[in-house]
Amino acid sequence: MPTSTSISGRIHSVETCGTVDGPGIRFVVFMQGCPLRCLYCHNPDCRQLDAGKPVTVDELMQEIQSYKSYLRKGGVTVSGGEPLMQPDFVEELLRRCQQEGIHTALDTSGYVLATSKSVLKYADLVLLDIKSFDPQIYTNVTSVSIVPTLNFARYLNEIHKPTWIRFVLVPGLTDAPHNIEGLADFVATLSNVEKVEVLPFHKMGEYKWEQLGYPYQLQETQPPTSELIEQTLNIFSSRGIPALAG
Ligand code: SF4
């Protein structure tokens, strides 16, 4: 690995006061690059690894340090895109945060396990996005296979890594009962999972798809009703899994 001062990565953006990506108030780093193609992605401009802006770990740490007082009650979350597309950078960033006593969270689709094991050492919490359980629905949503993500989830369980599962509820796409029940049954086998967050589908990123010239297939899809959200939460809680709407 290069020395810490020279490690450079490409980021999409940062959010200095995030409240939805981990516990407390978070400094969120959105990394560039993602191998998935989720139909509802609200950051489609994160796809390409060579886009975004270059930054070194030192530069980012300087910025993070300036928010350190409020990060004591929250921490730093590395999200994306898929952060594990840039494992050396993310490992060093999380390591430096932990060294400073800052809580670290990694938000990932779990698609890239092989290069990720050393990164996971420095993540206090993993936010694992499992976008469906039925393999065909998963592929319809993401354009990739579910198998790496399930293996990733099993590995997190093996190493007893505190994990939150995140599932995006999309009417007509991911809301089939067998899909949600399958996910709940799978999660119930994992003793490291602290909770499930059910994230209601929204279209806030649709304008970015238009700007980029990508065809957006969910134009006619509406956000889930409160009744559907409640039913989904009940599927998880009936299996003893703490679940809440994100
Ligand atoms: S994993 Fe995240 S960043 Fe990648 S396509 Fe899906 S929603 Fe977008």
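1. Is Cys 46 buried or exposed? Keep in mind that this is a predicted model. Cys 46 comes out as buried, because its relative accessibility is just 1% and the cut-off for buried is under 20%.

2. Now for the cysteine pairing. You won't find a disulfide here: the structure holds zero of them. Take Cys 46 again: the nearest cysteine sulfur belongs to Cys 41 and is 6.7 Å away, while a disulfide needs the two sulfur atoms within 2.5 Å.

3. Have a look at Cys 41 itself, too. With a relative accessible area of 25%, Cys 41 is partly exposed.

4. Cys 41 also turns up around the ligand. Which other residues surround the ligand? They are Cys 34, Leu 36, Cys 38, Gly 81 and Lys 131. Sorted by class, that shell has four nonpolar residues, one polar and one charged. As for where the ligand is, look in the largest pocket: that's where it sits.

5. Finally, the inside of the protein. The largest nonpolar core has 71 residues, and Ile 64, Phe 89 and Leu 93 have the most contacts inside that core. Try clicking on Ile 64: setting aside neighbours within four places in sequence, Ile 64 is in contact with Phe 27, Leu 71, Val 76, Leu 93, Cys 97 and Ile 102.

Methods: Residues numbered from 1 in each chain as written. Predicted model: local features only at pLDDT ≥ 70, side-chain atom pairs only at ≥ 80, totals over all residues. Heavy atoms only, no water. Buried < 20%, exposed > 50% of the residue type's maximum accessible area, 1.4 Å probe, protein only. Near = heavy atom within 4 Å. 1 Å grid on protein atoms, 1.4 Å probe; cavity = no way out; pocket = protein on both sides within 12 Å on 5 of 7 lines; lining within 4 Å. Sits in = over half its atoms within 2 Å of the grid points. Nonpolar A, V, L, I, M, F, W, Y, C, P; charged D, E, K, R; others polar. Core = buried A, V, L, I, M, F, W, Y, C linked by side-chain atoms within 4.5 Å. Contact = heavy atoms within 4.5 Å.
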